[in-house]
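Subject: Structure for you to look at

Hi,

Here is the structure I promised to pass on. Please open it alongside these notes.

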Amino acid sequence: MTDELRASGAIAIVADLSTVDGPARFIEEARSALGGIDLLVNNLGGGGDDELSAAFLDSTDQQWTQMFDLNFFSMVRTTRAALPSLLERRGGIINFSSMSGRIPHTAPLTYATTKGAVNTFSKGLAEEFGPQGVRVNTISPGPVRTEQWAGPDGFGAKLAAARGVSLEQLLRDVPREMGTTTGEFAEPRQVAALVAYLASPLASAIHGSDYAIDGGAIKTA
């Protein structure tokens, strides 16, 4: 954890949320440290060990299982563990999906399918727990300039190497290839601002919504 985060009063808890019992342990430690949970942001996700493989016929049961454990079941288990406190405090849930949940050709099918499941899961939670005072919303980013894309050891660097191009060239190409009309990556601070807004009282009437922050890549209304 950075010094800036420590100075803000943030508490770091280490857990493997892709395991069966990791989420419950994480939530219990968080509840103990904080006295309760007002907001759950399910932001864990990734492409897995074989993120460059996009061909369905090349995928294995193990790859599918790992992807669902990481991107979907971690969210299910963490949400289940946090809901008693969220119901008590009439809190909120923000689930991170991806634009690939609606336009799956933009990612390996294993990854895109987990994000489609996240969308359905979020809608179902909103229907069940909205009447009990818990707001549930989803954020579906397109390409965001994180270390996963721009870092020397991230997914972007691996993809650039596989294509035989520089990382700088890849970062210029990706927004266009993903269909963004802005031609640019979103910045992490822009996504963080959306999280802060949805968590705030200003968004108290927003519930069951999916916010795309994708530079216009999703073309449907």
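The largest nonpolar core has 19 residues. Within that core, L86 and I93 have the most contacts. Helix 3 and helix 4 (109-129) each supply at least two of its residues. Helix 3 gives the most, with eight. Keep in mind that this is a predicted model.

Helix 3 deserves a closer look. It covers residues 61-89, 29 in number. From first C-alpha to last it reaches 40 Å, close to the 42 Å expected at 1.5 Å a residue. The helix is bent, though: about 45° at L83. A proline, P84, follows within four residues of that point.

Next, R90. This residue comes just after helix 3, in the loop that leads to strand 2 (92-96). Its phi is near 50°, a positive value in a residue other than glycine. Most residues other than glycine have a negative phi. Is R90 buried or exposed? R90 counts as exposed, because its relative accessibility is 58% and the cut-off is over 50%.

Last, the surface. F56, L57 and L109 make a nonpolar patch of about 350 Å². L57 sits in the loop between strand 1 (39-42) and helix 3. L57 is exposed too, with a relative accessible area of 79%.

When you have the model on screen, start with L86 and I93 in the core. Then go to the bend at L83, and finish at the patch with L57.

Best wishes

Definitions and conventions. Residues are numbered from 1 along each chain as its sequence is written. This is a predicted model: local features need pLDDT of at least 70, side-chain atom pairs count only at pLDDT 80 or more; totals for chains, interfaces and linings use all residues. Side-chain values use heavy atoms; hydrogens and water are left out. The expected span of a helix is 1.5 Å times one less than its number of residues. The bend at a residue is the angle between axes fitted to the seven residues ending there and the seven starting there. Patches are made of residues with over 30% relative accessible area and no salt bridge: like charges are joined within 9 Å, nonpolar side chains (Val, Leu, Ile, Met, Phe, Trp, Tyr) within 5 Å. Accessible areas come from the Shrake-Rupley method with a 1.4 Å probe; for residues, only the protein chains shown count as cover. A salt bridge is a side-chain nitrogen of Lys or Arg within 4 Å of a carboxyl oxygen of Asp or Glu. Buried means under 20% relative accessible area, exposed over 50%, partly exposed in between (1.4 Å probe, protein chains only). A nonpolar core is a set of buried Ala, Val, Leu, Ile, Met, Phe, Trp, Tyr and Cys residues joined through side-chain atoms within 4.5 Å.
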